[in-house]
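Biologist: Could you take me on a close look at the annotated active site and the helix that carries part of it? I would love one connected account, starting from the residues and working outwards.

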Amino acid sequence: MGFKIGIVGATGAVGRTMLEVLEKSSVPVSELRLFASERSAGQILTFRGADVRVETLTQEAMREGFDYLLFSAGADVSRRYAPIAAEVGTTVIDNSSAFRMVPEIPLVVPEINGHLLKGYRGIVANPNCSTIQMVLALYKVHDKYQLHEIFVSTYQAVSGAGHKAIVEYERQLSGDDSHSVFVRQIAHNVIPLIGDLKDDISQEEWKMINETKKILNSKALAVFPTTVRVPVRIGHSESVIARTLFPIMSKEDLIETIASGEDVVVHDDIVTPLEVAGDDYVHVSRVRLFDAQTFGLWVVADNLRVGAATNAVRILKLHSELNNPTVEREVEEVERR
Ligand SMILES: NC(=O)c1ccc[n+]([C@@H]2O[C@H](COP(=O)([O-])OP(=O)(O)OC[C@H]3O[C@@H](n4cnc5c(N)ncnc54)[C@H](OP(=O)(O)O)[C@@H]3O)[C@@H](O)[C@H]2O)c1
């Protein structure tokens, strides 16, 4: 026995990574279905040695009922299709920004607030990639010393903007300097704007501000981000300066506290995105204690894995451990008939 699982947006940068992460995971899968737009319908992808044909996403397919649907096809697609799937009892793990700030929808990083999945059915929101790696680096310090201010500058990889962005970047590397995905040329450049501005703050910055407070369950926490796109293929980096309410005992204690976080590794030497692309950990280096209540970190992680696919599959695994999705869905189907 295994789960009936579907990936919506399976041909995208995150969708393909989800397929890879799920393949290597211990999750038992009895049926896997892959969905994209009609542009990619008919493409064949492989999963655990079997060919799987990509299907056009339809409302009908969403009404079939799955144990889990992993959505990664943008907010508009999620808004239109995820509620249909959830209505028939499917647990939807949504990578887009569509439902993250809806109060009754859990925004989950399993290592931090996975308990929210117990007894929960419906749509679960996967946070923004920059937010996930930052909160994983910080959550143990927050537990012990209570964070009250975070100043963060991000150095975000082009793959964070999807498959088209990678293609644009690679075209520019070979001499074509035209751009349509990014607001400026990204090859040999950096762009201090990700998403549109609202009240001087970019969409990506708003996500870091609001999602961090929701995940760490702290309305009083102030987050001051500057989000920047850099010419790196995979792997977001962040320079984080944070202040705590209570004094930190020592630098050694700070390091130990950060390293006690699940899936977090603290290094003596520096760590760069190129070194971590393809792995599932948050890497912290350049730990500095400026004064008893102010510290600095350099945080690096694979945005497609830790920031998206791995977090989604971790949600799926923990949800299935805490609940019994197949039995619940079957009972619901019988009741509907
Ligand atoms: N990239 C990251 O690091 C990252 C991290 C966290 C969250 N996210 C979020 O994940 C989502 C996907 O991002 P991505 O980077 O993987 O984008 P992407 O590479 O552009 O992939 C988009 C996927 O969605 C599918 N799609 C687009 N329109 C569709 C429609 N109308 N119906 C069905 N499928 C449709 C595409 O299918 P076709 O092949 O048919 O076009 C493709 O499979 C976004 O919401 C993004 O914000 C991305």
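Modeller: Gladly; what follows starts at the annotated site, moves along its helix, and ends with another helix pair.

Please keep in mind that this is a predicted model. The UniProt record, an unreviewed entry, lists Cys129 and His236 under "active site". These two residues span 108 residues in sequence, yet their C-alpha atoms are no more than 8.2 Å apart, so they gather at one spot.

Let's take Cys129 to begin with. Cys129 sits in helix α5, which covers residues 129-145. Its relative accessibility is 14%, and because buried means under 20%, Cys129 counts as buried. Setting aside residues up to four places away in sequence, Cys129 touches Glu204, His236, Asn303 and Gly307. So the list of contacts for Cys129 includes the other annotated residue, His236.

His236 belongs to strand β12, residues 236-244. With a relative accessible area of 0%, His236 is buried too. Once its neighbours within four places in sequence are left aside, His236 is in contact with Cys129, Ser130 and Gln133. The list for His236 also takes in Tyr155, Gln156, Ala157 and Gly160, along with Arg229. Val299, Val300, Ala301 and Asn303 complete that list. Asn303 is worth a look on your screen, as it touches Cys129 and is also in contact with His236.

Now for the helix itself. α5 packs against helix α7 (residues 203-215) at an angle of about 40°, with the two axes 9 Å apart. That angle makes α5 oblique to α7, and their crossing is right-handed. On the α5 side, the contact is made by Cys129, Ser130, Thr131, Met134 and Val135. On the α7 side, the residues are Glu204, Lys207, Met208, Glu211, Thr212 and Ile215. Sorted by class, the contact of α5 with α7 has 5 nonpolar, 3 polar and 3 charged residues. Notice that the annotated Cys129 is itself part of this helix contact, and that Glu204, which Cys129 touches, takes part from α7.

α5 has a second partner to show you, helix α8, residues 251-259. Here the helices pack at an angle of about 120°, with their axes 7 Å apart. α5 and α8 are therefore oblique to each other, and this crossing is right-handed. α5 contributes Ala137, Lys140, Val141, Lys144 and Tyr145 to the contact, while α8 contributes Asp253, Leu254, Thr257 and Ile258. The residues of this contact divide into 5 nonpolar, 1 polar and 3 charged.

To finish, here is a pair beyond α5. The axes of helix α1 (residues 13-24) and helix α10 (residues 305-322) come within 9 Å and cross at roughly 50°. That makes α1 oblique to α10, and the crossing is right-handed. From α1, the contact is made by Val14, Thr17, Met18, Glu20, Val21 and Leu22. From α10, Arg305, Ala308, Ala309, Thr310, Ala312 and Val313 take part. By class, the contact of α1 with α10 has 8 nonpolar, 2 polar and 2 charged residues.

As for annotation around α1, the unreviewed UniProt entry places the feature "domain: Semialdehyde dehydrogenase NAD-binding" at residues 4-120. Over residues 4-120 the chain is 29% helix and 27% strand, and the end C-alpha atoms are 18 Å apart.

Note on methods: Residues are numbered from 1 along each chain as its sequence is written. This is a predicted model: local features need pLDDT of at least 70, side-chain atom pairs count only at pLDDT 80 or more; totals for chains, interfaces and linings use all residues. Side-chain values use heavy atoms; hydrogens and water are left out. UniProt positions are given in the numbering used here, feature names are shortened, and annotations may be inferred rather than shown by experiment. Helices (H or I, at least four residues) and strands (E, at least two) are DSSP runs, numbered from the N terminus. Buried means under 20% relative accessible area, exposed over 50%, partly exposed in between (1.4 Å probe, protein chains only). Contact means heavy atoms within 4.5 Å. Axes are lines fitted to C-alpha atoms, for helices over the stretch in contact, and angles run from 0 to 180 degrees between N-to-C directions. Angles under 35 degrees count as roughly parallel, over 145 as roughly antiparallel, 65 to 115 as roughly perpendicular and the rest as oblique. A crossing is left-handed if the near helix is turned anticlockwise from the far one by less than a right angle, and right-handed if clockwise. Ala, Val, Leu, Ile, Met, Phe, Trp, Tyr, Cys and Pro count as nonpolar, Asp, Glu, Lys and Arg as charged, and the others, Gly among them, as polar.
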